[in-house]
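Ready for some practice in reading a protein fold? Work through each exercise with the structure in view, then compare your reasoning with the solution.

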Amino acid sequence: QVLKSCFCAQPHTAGRHHQQHRCIIPTMANAGLELVRVACAAIAASAVALSNDEALDGYIAGWHVGNPSDIKTYQAANYAFHFHGVTAAAGVETDGFVDFFTNFRKTVAGAGGPAEDSTDFMRTYGTVRQNISGYMLETGAFVVPGFGSGTYHAYARDGLVELEEAVAFGADDDCLSSLPAESLPVSSAPQHTPVVDVSSGATAGEAALERLQRYLSAWGLGDASSIRAEVTPQSYRFFFAGFTPTDGVSTSGFEAFFGGMRQSIAAAGGPAVNSTDFMQLQGEMSRTLTGTEGGSFSIKSGTFVVRGFGTGVYHVIGDNMGVLAENAVAFGAGLECMHALAPAVALSNDEALDGYIAGWNVGNPSDIRAYQAANYAFHFHGVTASAGIDADGFVDFFTNFRKTVAAAGGPAADSKDFMRTYGAVRQNVSGYTLETGAFVVPGFG
């Protein structure tokens with residue numbers, strides 16, 4: 001009768017708890033009921049075998065609400081959490097995780113982040129998952145409003161999370177944590193991509209990590225042939241959600257695809273087709289693992305920025321023979337401030353003016369903002385105040401200006417054909433490059 005009245009409830013995630021189930025038993029004056037409670041919880045734990053997807057779902061949901069007990073529910077016995085610059089080199093083990101996280105939440109709250117009892121602790125974006133030799137890998141970007149943002153990757157195997165690693169963006173590269181929580185979009189659902197097979201004889205180590213680094217450096221330069229030189233010709237696949245087919249782009253089709261992608265990016269306000277300052281990488285992490293079949297593989301993950309165009313998360317997988325696959329997912333709307341991060345390679349004055357004017361042509365304030373100096377000022381006589389508009393206030397000003405223009409008969413607020421320029425001339429004057437010209441906003445002025 002006592003066993004029949006034992007109801008094992010699974011709070012928060014309804015059917016996804018692997019362990020630590022809560023058992024509710026009618027109140028009875030019997031010390032033996034504690035043994036029944038423990039037995040009932042054990043039965044419930046053993047009866048629910050999670051997939052790696054379910055383990056990551058529950059684990060990340062625990063981070064979203066900031067509940068260390070929920071996060072711990074999905075951790076394997078050999079779990080370790082590494083947060084570069086915050087945790088010790090050995091990371092935080094599962095036994096010490098709740099204490100660590102409780103103290104971490106106090107630190108976050110004291111530094112301007114979510115209150116200790118807030119259940120809106122963290123958002124995640126650009127998440128992508130992939131099965132690799134028995135592991136399910138998730139990579140993504142995180143934002144703790146008012147505190148910090150960065151990149152993470154987590155690995156699940158046999159229905160439990162074994163490892164998470166995270167790195168925060170530097171102060172100059174973090175525009176996300178300063179956004180008000182109410183303006184941040186909801187966390188994005190993970191994108192799934194096809195399985196990567198690692199052969200039982202595959203080896204990975206320093207040679208694999210060096211190949212991955214050369215591959216990523218070639219992406220920074222926008223050099224398709226150098227990217228292709230580092231991949232495994234027969235098995236490589238490139239996946240970019242929304243850009244590539246579901247089965248990815250193979251080695252043979254990569255250079256043609258890449259050329260078309262660069263043209264599209266340039267036309268949308270990104271780096272020119274021939275620019276060697278194509279992409280910046282941030283929050284990079286590396287890890288080498290051994291798969292279930294015995295072969296080893298290396299992974300690099302982080303965040304990419306194509307200035308004036310887009311931002312997202314990537315992970316690259318390879319062994320000593322070459323790069324096996326890359327996955328990339330762009331951030332959705334609401335996180336465009338990342339597009340304007342400072343470039344790794346300084347632009348020429350001509351390149352800065354090219355990008356700046358292109359932003360005006362398409363009417364995108366984030367693109368224009370990407371090329372503004374810290375002391376920038378915009379003066380439109382008869383429209384702006386005498387002090388002008390500084391860089392920090394430009395996006396808000398321009399957004400309102402576009403509404404005014406549209407209401408007065410000019411291009412619609414979402415039109416990409418906002419302004420034309422004519423008779424433009426440039427001249428170098430004592431370290432400055434000056435451009436003068438005429439502008440037309442059709443239907444407005």
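**Exercise 1. A pair of neighbouring strands**

Which residue in strand 14 does V305 stand opposite?

*Solution.* Please keep in mind that you are looking at a predicted model.
- Step 1: Find strand 13, residues 296-306, and strand 14, residues 310-319; the two run antiparallel and are joined by nine bridges.
- Step 2: Go to V305 and look across to strand 14, where T311 stands opposite.
- Step 3: Now take in the whole sheet, which is open and has six strands in the order 11-10-15-14-13-12, with mixed pairing.
- Step 4: Strand 11 (249-250) and strand 12 (280-290) are at the edges, and each has a single partner strand, so one side of each has no neighbour in the sheet.

**Exercise 2. A second sheet**

Find the order of the strands in the open sheet of seven strands, and name the strands at its edges.

*Solution.*
- Step 1: Reading across the sheet gives 4-3-8-7-6-5-9, and the pairing is mixed.
- Step 2: Strand 4 and strand 9 (191-196) are the edge strands, since each pairs on one side only.
- Step 3: Helix 4 (residues 97-110) packs on this sheet and touches strand 3, strand 4 and strand 6; its direction makes about 30° with that of strand 3.
- Step 4: Helix 2 (residues 52-65) lies across several strands, including strand 3, strand 8 and strand 9, and runs at about 45° to strand 8.

**Exercise 3. Strand 3 and its surroundings**

Describe how strand 3 pairs with strand 8 and with strand 4, and explain why strand 3 is called largely enclosed.

*Solution.*
- Step 1: Strand 3 pairs with strand 8 (residues 160-168) in the parallel sense, over five bridges. Here A80 stands opposite L163.
- Step 2: Strand 4 (residues 92-93) runs antiparallel to strand 3, and two bridges join them. Across this pair, F81 stands opposite V92, and A80 stands opposite E93.
- Step 3: Of the nine residues of strand 3 (residues 75-83), seven are buried, so the rest of the structure largely encloses this strand.

**Exercise 4. Two loop residues with positive phi**

Which is buried and which is exposed: S133 or D158?

*Solution.*
- Step 1: A helpful background point is that most residues other than glycine have a negative phi.
- Step 2: S133 lies in the loop between strand 5 and strand 6, and its phi is positive, near 50°.
- Step 3: D158 sits in the loop between strand 7 and strand 8; its phi is also positive, about 55°, although D158 is not a glycine.
- Step 4: Use the cut-offs: buried means under 20% relative accessible area, and exposed means over 50%. S133 has 10% relative accessibility, so S133 is buried. D158 has a relative accessible area of 70%, so D158 is exposed.

**Exercise 5. Helix 10**

Where do the buried residues of helix 10 pack, and what span does the helix reach?

*Solution.*
- Step 1: Helix 10 (residues 391-407) has 17 residues and reaches 25 Å from its first C-alpha to its last, close to the expected 24 Å.
- Step 2: Its buried residues are A391, F394, F397, F398, F401, R402 and V405.
- Step 3: In an α-helix there are 3.6 residues a turn, so residues three or four places apart point the same way.
- Step 4: The buried residues of helix 10 pack against helix 8 (349-362), helix 9 (365-369), strand 16 (377-378) and strand 17 (389-390).
- Step 5: After helix 10 comes G409, with a positive phi near 105°.

How values were computed:
Residues numbered from 1 in each chain as written. Predicted model: local features only at pLDDT ≥ 70, side-chain atom pairs only at ≥ 80, totals over all residues. Heavy atoms only, no water. Pairing = 2+ DSSP bridges. Helix = DSSP H or I, 4+ residues; strand = E, 2+ residues; numbered from the N terminus. Buried < 20%, exposed > 50% of the residue type's maximum accessible area, 1.4 Å probe, protein only. Expected span 1.5 Å × (residues − 1). Contact = heavy atoms within 4.5 Å. Axes fitted to C-alpha atoms, helices over the stretch in contact; angles between N-to-C directions.
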